[in-house]
Amino acid sequence: LYQVFAPQVNPFGSIAQRGSELAAAISRVLADGQKAHILAHSMGGLDARYALVNVPGFVDRVATLVTIGTPHQGSPVADAIVQNTPLSAQLPSYLMDRLQRNAGALHDLTTDACAHFNQTTVESSAIRRIAVAGDASQGGHELILFQVAALIGQLTGEVNDGVVTQTSAFRQGYTQLPLWPADHAGEVGWSLHSFVPAQLTGRFLPAPKHLAWYDELVAML
């Protein structure tokens, strides 16, 4: 039996700020002798890596880190917005707005910033580490970032989830799980169906696919 806790951190903060907040939030709910299994999506994986290396004693409170769609090597989407490349014009307005308002996170997610982060954030081999990448091309047209993923694939020649490439989501020293057939939003259960109630579509919608994937993750812990 697992106790599930979803900590909240500053959505507009840098990796350093968010990582410190994450460590504090997790430490508050752990009893003496307990260790956490962290399942971190997107930037949350970088937050957790920062906390494990830089927050004193936190590494001793964690058993496993699972990163899901985390841009360990940076994201072409962050690069596109910072550098104002043609790709930025193709991004959904909600994603552009969220990233542009989050200046600290946006610059931390570029390939240059992540390269520096990787050089200065040396991870402990004592922590079990697992990485998940998404493949939007296998997820279907109900995905929010399906078209963006196709554009990134044309630019990079890589499988990607519409925000993070497979190469960036996987990292040396991590156990790599099979690709999830989802985009970056679908990795946490968001799809176009999420925003259209079934009674309006007139048809039955299946349970979100991501629940089974997370069940499989939990069974591994």
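In which strand does A40 lie?

**Exercise 1. Place A40 and describe its surroundings.**

Solution. The structure is a predicted model, in which local features need pLDDT of at least 70, side-chain atom pairs count only at pLDDT 80 or more, and totals for chains, interfaces and linings use all residues. Residues are numbered from 1 along each chain as its sequence is written, and side-chain values use heavy atoms, with hydrogens and water left out.

Step 1. A40 lies in strand β1. Helices (H or I, at least four residues) and strands (E, at least two) are DSSP runs, numbered from the N terminus.

Step 2. The relative accessibility of A40 is 5%, and A40 therefore counts as buried. Buried means under 20% relative accessible area, exposed over 50%, and partly exposed in between, with a 1.4 Å probe and protein chains only.

Step 3. G69 is 29 residues from A40 in sequence, and the two are 8.6 Å apart in space, C-alpha to C-alpha.

**Exercise 2. State the overall make-up of the protein.**

Solution. Step 1. The protein has 10 helices and four strands.

Step 2. Along the sequence these follow the pattern α-β-α-β-α-α-α-α-β-α-α-β-α-α.

Step 3. Of the 221 residues in the protein, 46% are buried.

**Exercise 3. Characterise the largest pocket and its lining.**

Solution. Step 1. The volume of the largest pocket is about 1800 Å³. On a 1 Å grid over the protein atoms alone, a cavity is a set of points where a 1.4 Å probe fits but cannot get out, whereas a pocket is an open set with protein on both sides within 12 Å along at least five of seven lines; lining residues have an atom within 4 Å of a point. Grid points are joined across faces, edges and corners, and a volume is the space filled by probe spheres set on the points.

Step 2. The largest pocket is lined by 50 residues, of which A6, P7, L39, A40 and H41 are the closest to its centre.

Step 3. Elements that give two or more residues to this lining are α1 (15-29), β1 (36-41), α2 (43-54), α3 (76-83), α4 (93-101), α5 (103-108) and α10 (210-220). The most comes from β1, with six residues.

Step 4. By residue class, the lining divides into 36 nonpolar, 10 polar and four charged. Here Ala, Val, Leu, Ile, Met, Phe, Trp, Tyr, Cys and Pro count as nonpolar, Asp, Glu, Lys and Arg as charged, and the others, Gly among them, as polar.

**Exercise 4. Determine how the buried residues of α1 and α7 are arranged.**

Solution. Step 1. An α-helix has 3.6 residues a turn, so residues three or four places apart point the same way.

Step 2. α1 has 15 residues and reaches 21 Å from its first C-alpha to its last, close to the 21 Å expected at 1.5 Å a residue. The expected span is 1.5 Å times one less than the number of residues.

Step 3. In α1 the buried residues are I15, R18, G19, L22, A23, A25 and I26. Seen down the axis, they fall within an arc of 165°, so they line one face of α1. The arc is that of the directions from the helix axis to the C-beta atoms.

Step 4. In α7 (residues 146-156), F146, V148, A149 and I152 are buried. Their arc around the axis is only 155°, which puts them on the same side of α7. The face turned away from this buried side carries the exposed residues Q147, Q154 and L155.

**Exercise 5. Analyse the contact between W180 and Y214.**

Solution. Step 1. Rings of Phe, Tyr and Trp (its six-membered ring) pair if their centres lie within 6.5 Å; planes under 30 degrees apart count as stacked, over 60 as edge-to-face and the rest as tilted. The count comes to two aromatic pairs.

Step 2. W180 and Y214 form an edge-to-face pair, at 5.3 Å centre to centre with 65° between the planes.

Step 3. W180 lies in the loop between β4 (175-176) and α9 (198-201) and Y214 in helix α10, so the pair ties together parts that are 34 residues apart in sequence.

Step 4. W180 is buried, with a relative accessible area of 6%, and Y214 counts as buried at 18%.

Step 5. W180, W213 and Y214 form one aromatic cluster.

**Exercise 6. Contrast the settings of S42 and N84.**

Solution. Step 1. Most residues other than glycine have a negative phi.

Step 2. S42 has a positive phi, near 60°, and N84 a positive phi near 55°.

Step 3. S42 is found in the loop between β1 and α2, and N84 in the loop between α3 and α4.

Step 4. S42 counts as buried at 17% relative accessibility, whereas N84 counts as exposed at 62%.
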